[in-house]
Amino acid sequence: MSLTGSGRLDRGAGLEVGRPVVSHPLQCQCGTIKAVVADPGNSNHCVCYCRDCQAFAHFLGKVDAVLDERGGSEIIQVLPRNLTFTQGIESLACMRLTEKGLLRWYAACCNTPIGNTLATPKLSFIGLVHNCLENNAPPLNDSFGPVRAWVNTNGAKGDPKPKVAGQGPVIWWFLTKVLKARFNGDYKRTPLFRADTGMPIVTPRILSSTEHSGVMNAVRAATG
Ligand SMILES: [Zn+2]
Ligand SMILES: [Zn+2]
């Protein structure tokens with residue numbers, strides 16, 4: 001029994017012989033959606049200041065909870081095969097800021113952001129948004145290590161902008177983990193896309209141009 005795949009987690013699966021029992025709980029604010037992140041050390045802890053991540057927080061009505069004082073979102077990139085939902089996956093919702101935007105997953109029950117993926121499972125990563133990893137959970141740094149990268153700092157609030165740092169480790173993580181998953185077929189092991197069609201398990205809602213300008217205006221107003 002493995003901890004991965006799209007099925008339910010068999011309780012005790014983490015006790016499999018020879019496998020270190022290390023995982024980090026994921027939970028939406030109201031507790032409807034629960035998941036575990038296996039192998040949390042195999043991750044990339046970063047802060048993204050891009051306007052689109054800020055727009056997602058505005059869309060959810062969670063600006064204060066999601067964004068730091070400079071408008072940054074703390075993100076933990078993990079391999080989707082390490083993410084296993086244990087309850088409430090039917091409450092997952094998905095949106096895109098634009099037709100070509102990232103798939104942004106969130107809990108429909110309480111608007112907790114869950115994470116961001118590309119529209120295809122082939123590049124195998126999900127950038128989990130910190131909020132869903134902080135409910136009844138150990139400190140993020142204990143599980144995932146400290147923040148190693150600060151990216152898209154041009155989108156940060158105020159001046160001077162935070163320095164871009166740590167892109168090297170991000171790219172290295174991407175090359176070694178994400179591309180490896182692409183070539184060894186591991187990318188197919190994801191709870192967020194259908195194995196047969198490669199389509200997301202939820203049809204993403206794409207913002208209308210009016211909705212899009214609404215959230216982007218809110219970002220501009222907040223960021224200055
Ligand atoms: Zn919820
Ligand atoms: Zn971003």
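**Notebook: core, zinc site and a surface patch**

I began with the largest nonpolar core (buried Ala, Val, Leu, Ile, Met, Phe, Trp, Tyr and Cys residues joined through side-chain atoms within 4.5 Å), which has 24 residues, and L26, I114, L128 and L133 have the most contacts inside it. At least two residues of this core come from each of β2 (34-38), β4 (73-78), β5 (83-87), β6 (92-96), β7 (103-107), β9 (126-129) and α3 (140-144); helices (H or I, at least four residues) and strands (E, at least two) are DSSP runs, numbered from the N terminus. β7 gives the largest share, three residues.

A note on the basis: this is a predicted model, where local features need pLDDT of at least 70 and side-chain atom pairs count only at pLDDT 80 or more, while totals for chains, interfaces and linings use all residues. Residues are numbered from 1 along each chain as written, ligands are numbered from 1 in the order written, and side-chain values use heavy atoms without hydrogens and water.

Next I looked up L128. Beyond its neighbours within four places in sequence, L128 is in contact (heavy atoms within 4.5 Å) with residues including L26, V37, I76, I114 and L133.

Then I turned to the zinc ion (ligand 2). Its protein donors (N, O and S atoms within 2.8 Å of the metal, 3.2 Å for Na, K and Ca) are C48 (SG), C50 (SG) and C53 (SG), at 2.2 to 2.3 Å. Their spacing along the chain is C-x1-C-x2-C. I found both C48 and C50 buried (under 20% relative accessible area; exposed is over 50%, partly exposed in between; 1.4 Å probe, protein chains only).

Last, I checked W172, which sits in helix α4 (residues 167-184). W172 is exposed, at 59% relative accessible area.
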